[in-house]
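Student: I've got a new model to look at, and I'd like to go through it with you. Can we take it piece by piece?

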Amino acid sequence: MFNKLQYISQGETNEKQLQNIHQALDAGCNWIQMRFKNQTSEKRFALAEAVKNLCEEYLATFIVNDDVLLTQKIAADGVHLGLTDMSISGARAILGEKKIIGATANTFEDILLQTKNGCDYIGLGPFQFTETKEKLSPILGTEGYASILNKMKTENISIPVYAIGGITLENIENLIKTGVHGIAVSGIITKSPEKEKLVQQLNDKLYANVIL
Ligand SMILES: Cc1ncc(COP(=O)(O)OP(=O)(O)O)c(N)n1
Ligand SMILES: Cc1ncsc1CCOP(=O)(O)O
Ligand SMILES: [Mg+2]
């Protein structure tokens with residue numbers, strides 16, 4: 001089963017990205033999504049190679065944001081695709097059955113579509129406002145998650161759902177109660193001066209009712 005905590009990287013340069021990812025791994029994150037927007041393909045390739053090596057060293061799962069061909073080129077563990085990125089079925093045709101393909105959703109209908117097309121997990125959001133991403137889809141709040149996850153239950157749709165967007169430590173209990181599998185976060189970990197403590201606290205809440 002997928003880890004309940006996914007770290008989404010930040011940083012304006014290769015060096016800053018790598019530093020943030022390294023610190024997240026040191027703090028105990030073992031699922032990294034490399035999100036490095038508006039960069040040349042050379043820079044993205046160089047970063048992806050470095051991140052792949054690091055993730056191998058830390059036995060962490062490594063997925064790439066947006067870029068299916070880069071995922072294939074560096075043999076990452078998978079890719080995360082939004083509603084306006086390459087289609088899930090197109091990505092599956094390129095990457096094969098063994099790679100992880102995550103898909104973004106903002107509504108129950110998005111989940112239906114992305115699941116039918118064969119994604120492995122859903123990133124559902126945004127939970128609340130965040131500065132990390134521009135042009136946000138409508139905010140869901142706890143009620144939005146509860147309503148969508150209930151509908152999934154009624155319709156027998158079973159796929160891990162990650163909450164995303166402005167999530168803090170204080171939101172996790174309520175989010176988990178709605179039935180989400182885990183969370184994908186960027187800002188709170190990147191900005192934390194005490195990353196190891198924070199990751200421990202996040203995992204304690206995420207795994208509070210899980211018998212391992
Ligand atoms: C886990 C997860 N969920 C959602 C997103 C958002 O993807 P997308 O809508 O394609 O937006 P960008 O991240 O590409 O700006 C995500 N990255 N990860
Ligand atoms: C990539 C993405 N997609 C929806 S919200 C978001 C950003 C999540 O980052 P943060 O945890 O800093 O709000
Ligand atoms: Mg995208």
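Student: Let's start with Arg35: is Arg35 buried or exposed?
Tutor: Keep in mind that this is a predicted model. The cut-off for buried is under 20% relative accessible area. Arg35 has a relative accessible area of 17%, so Arg35 counts as buried.

Student: Where does Arg35 sit, and which residues distant in sequence does Arg35 contact?
Tutor: Arg35 is placed in the loop between β2 (31–34) and α2. Ile8 is 27 residues away from Arg35 in sequence, yet the C-alpha atoms are 6.3 Å apart in space. Skipping neighbours within four places in sequence, the contacts of Arg35 are Ile8, Ser9, Gln17, Asn65, Thr132 and Lys133.

Student: Gln17 is on that list. With which side chain does the side chain of Gln17 make a polar contact?
Tutor: Gln17 belongs to helix α1 (residues 14–27), and with a relative accessible area of 1% Gln17 is buried. Beyond four places in sequence, Gln17 is in contact with residues including Gly11, Met34, Phe36 and Leu47. The polar contact, at 2.7 Å, is with the side chain of Ser9.

Student: On to the ligands. Which residues come nearest to ligand 1?
Tutor: There are 15 residues around ligand 1. Among the polar pairs, a side-chain atom of Gln33 lies 3.0 Å from a nitrogen atom of the ligand, and a side-chain atom of Asp66 lies 3.0 Å from an oxygen atom. The residues that come nearest are Arg35, Lys37, Asp66, Asp85 and Thr104.

Student: Does the backbone get involved too, and how much of ligand 1 does the protein bury?
Tutor: A backbone N or O atom of Gly82 lies 3.2 Å from an oxygen atom of ligand 1. Taken alone, ligand 1 exposes 420 Å². The share of that area buried by the protein is 91%.

Student: Which residues coordinate the magnesium ion (ligand 3)?
Tutor: Each contributes an OD atom, at 2.0 to 2.2 Å. One is partly exposed with a relative accessible area of 23%, namely Asp66, and Asp85 is partly exposed too, at 27%. The coordinating residues are Asp66 and Asp85.

Student: How many residues apart in sequence are the parts that Asp66 and Asp85 tie together?
Tutor: The magnesium ion is coordinated by both of these residues. Asp66 lies in the loop between β3 (61–65) and α3 (68–74), while Asp85 lies in the loop between β4 (78–81) and α4 (88–95), so the pair ties together parts whose separation in sequence is 19 residues.

Student: Now ligand 2. Which residue has a polar side-chain atom 2.4 Å from an oxygen atom of ligand 2?
Tutor: The residues around ligand 2 include Arg35, Lys133, Gly165 and Ser186. Two backbone atoms lie 2.7 Å from an oxygen atom of the ligand, one from Gly166 and one from Gly187. The side-chain atom at 2.4 Å is from Thr132.

Student: And how much of ligand 2 does the protein bury?
Tutor: Taken alone, ligand 2 exposes 370 Å². The protein covers most of that, and the buried share is 90%.

Student: Is Ser186 buried or exposed?
Tutor: Ser186 is placed in the loop between β8 (182–185) and α8 (187–191). Leaving out neighbours within four places in sequence, Ser186 is in contact with Tyr7, Ile8, Ser9, Gln10 and Thr132. Its relative accessible area is 9%, so Ser186 is buried.

Student: Which residues touch the most other members of the largest nonpolar core?
Tutor: That core has 57 residues, and helix α2 (residues 41–57) supplies the largest share, 5 residues. Apart from it lies another core of 5 residues, among them Ile63 and Tyr121. In the largest core, the residues touching the most other members are Leu124 and Ile189.

Student: Any odd backbone geometry? Which residues does a cis peptide bond join?
Tutor: Omega is about 10° at that bond. Its proline is found in the loop between β6 (121–124) and α6 (141–154). The bond joins Gly125 and Pro126.

Student: What is the phi of Asn38, and is Asn38 buried or exposed?
Tutor: Asn38 lies in the loop between β2 and α2. Its phi is positive, about 55°, although Asn38 is not a glycine. With a relative accessible area of 80%, Asn38 is exposed.

Technical notes: Residues numbered from 1 in each chain as written. Chains lettered and ligands numbered in written order. Predicted model: local features only at pLDDT ≥ 70, side-chain atom pairs only at ≥ 80, totals over all residues. Heavy atoms only, no water. Core = buried A, V, L, I, M, F, W, Y, C linked by side-chain atoms within 4.5 Å. Buried < 20%, exposed > 50% of the residue type's maximum accessible area, 1.4 Å probe, protein only. Helix = DSSP H or I, 4+ residues; strand = E, 2+ residues; numbered from the N terminus. Near = heavy atom within 4 Å. Polar contact = N/O pair within 3.5 Å; in protein donor to acceptor, adjacent residues only side chain to side chain. Areas by Shrake-Rupley, 256 points an atom, 1.4 Å probe, with all protein chains shown as cover. Donors = N, O, S within 2.8 Å, 3.2 Å for Na, K, Ca; no water. Contact = heavy atoms within 4.5 Å.
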